[in-house]
Amino acid sequence: MSDYAALAQRVVAGLPGIRGCLLLSRDGMVLGAHPEGDVERHLKSAWLRFAVLGEPERSAVEFPDQTWVFVRRGGYASFVVADVGIRPGVLLDLLDQVLMAGEV
């Protein structure tokens, strides 16, 4: 993957209701984010809270006001914060597709 921010932007553009996306290295370092700025800080805060839950490969956590989705594939991972009402399975599939495209 050469342009992590562009891949994160692709995820956000993939479905309405996605608040933001982080692209991560296998060890959890943020490689790219969309959107940047205040939203990115909120995403990083959510990511740090999610990261303490363990080492999932694919996971979704639903809250009353938002949904968090995480997918790890090879040496990369993606974390998304979305509005409620977007099905977590759809987000999991979208993240899988984007990470597969980034491996090429």
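# A tour from the core outwards

Start with the largest nonpolar core, which has 19 residues. Select V11, I18, C21, L23, V80 and L91, the residues with the most contacts inside this core. A nonpolar core here is a set of buried Ala, Val, Leu, Ile, Met, Phe, Trp, Tyr and Cys residues joined through side-chain atoms within 4.5 Å. Buried means under 20% relative accessible area, exposed means over 50%, and partly exposed lies in between (1.4 Å probe, protein chains only).

Now colour the elements that build this core. At least two residues each come from α1 (4–14), β1 (18–25), β4 (67–73), β5 (76–82) and α3 (88–103). Helix α3 gives the most, with 6 residues. Helices (H or I, at least four residues) and strands (E, at least two) are DSSP runs, numbered from the N terminus.

Before moving on, two notes on the model. It is predicted, so to speak of a local feature takes a pLDDT of at least 70, side-chain atom pairs count only at pLDDT 80 or more, and totals for chains, interfaces and linings use all residues. Residues are numbered from 1 along each chain as its sequence is written, and side-chain values use heavy atoms, with hydrogens and water left out.

## Stop 1: V11 and the second core

Select V11. What does V11 touch, not counting residues up to four places away in sequence? The list is I18, C21, V80, L94, L95 and V98. Contact means heavy atoms within 4.5 Å.

Next, pick L24, L43, A46 and W47. These belong to a second, separate core of 12 residues.

## Stop 2: the whole chain

Zoom out. The protein chain holds 3 helices and 5 strands. From the N terminus on, the order is α-β-β-α-β-β-β-α. The radius of gyration is 12 Å, close to the 13 Å that the globule rule gives for 104 residues, so the chain is as compact as a globular protein of that length. That radius is taken over C-alpha atoms, and the rule is 2.2 Å times the number of residues to the power 0.38.

Rotate the C-alpha trace. Along its principal axes the trace spans about 35 × 30 × 25 Å. Of the 104 residues, 41% count as buried. Among contacts with a separation of 6 or more, 47% join residues 24 or more positions apart.

Switch on the surface. The accessible surface comes to about 5500 Å², and 53% of it belongs to carbon and sulfur atoms. Such areas come from the Shrake-Rupley method with a 1.4 Å probe; for residues, only the protein chains shown count as cover.

## Stop 3: a cis bond and a buried glycine

Go to H34 and P35. Is the peptide bond from H34 to P35 cis or trans? It is cis, with omega near -10 degrees. Most peptide bonds are trans. P35 sits in the loop between β2 (30–34) and α2 (38–51).

Add G20, in strand β1. G20 and P35 are 15 residues apart in sequence, yet 5.9 Å apart in space, C-alpha to C-alpha. G20 is buried, with a relative accessible area of 0%. Beyond four places in sequence, G20 touches V12, H34, P35, L43, F79, V80 and V81.

## Stop 4: two neighbouring strands

Select T67 in strand β4. T67 counts as buried, at 1% relative accessibility. Leaving aside neighbours within four places in sequence, T67 is in contact with V61, E62, V80, V81, A82, D83, V84 and P88.

Then take A77 in strand β5. A77 also counts as buried, at 1% relative accessibility. With the four-place neighbours left aside, A77 contacts L22, L23, L24, F70, V71, R72 and L99. For a longer distance, pick E36: its C-alpha atom is 18 Å from that of A77, and the two are 41 residues apart along the chain.

## Stop 5: D96 and P56

Move to D96, in helix α3. Is D96 buried or exposed? It is buried, with a relative accessible area of 15%. Past the four-place limit, D96 is in contact with R58, V71 and R73.

End at P56, in the loop between α2 and β3 (58–62). P56 is partly exposed, with a relative accessible area of 22%. Not counting residues up to four places away in sequence, P56 touches F50, F70 and R72. Show R72 as well: the C-alpha atoms of P56 and R72 are separated by 7.7 Å, with their positions 16 residues apart along the chain.
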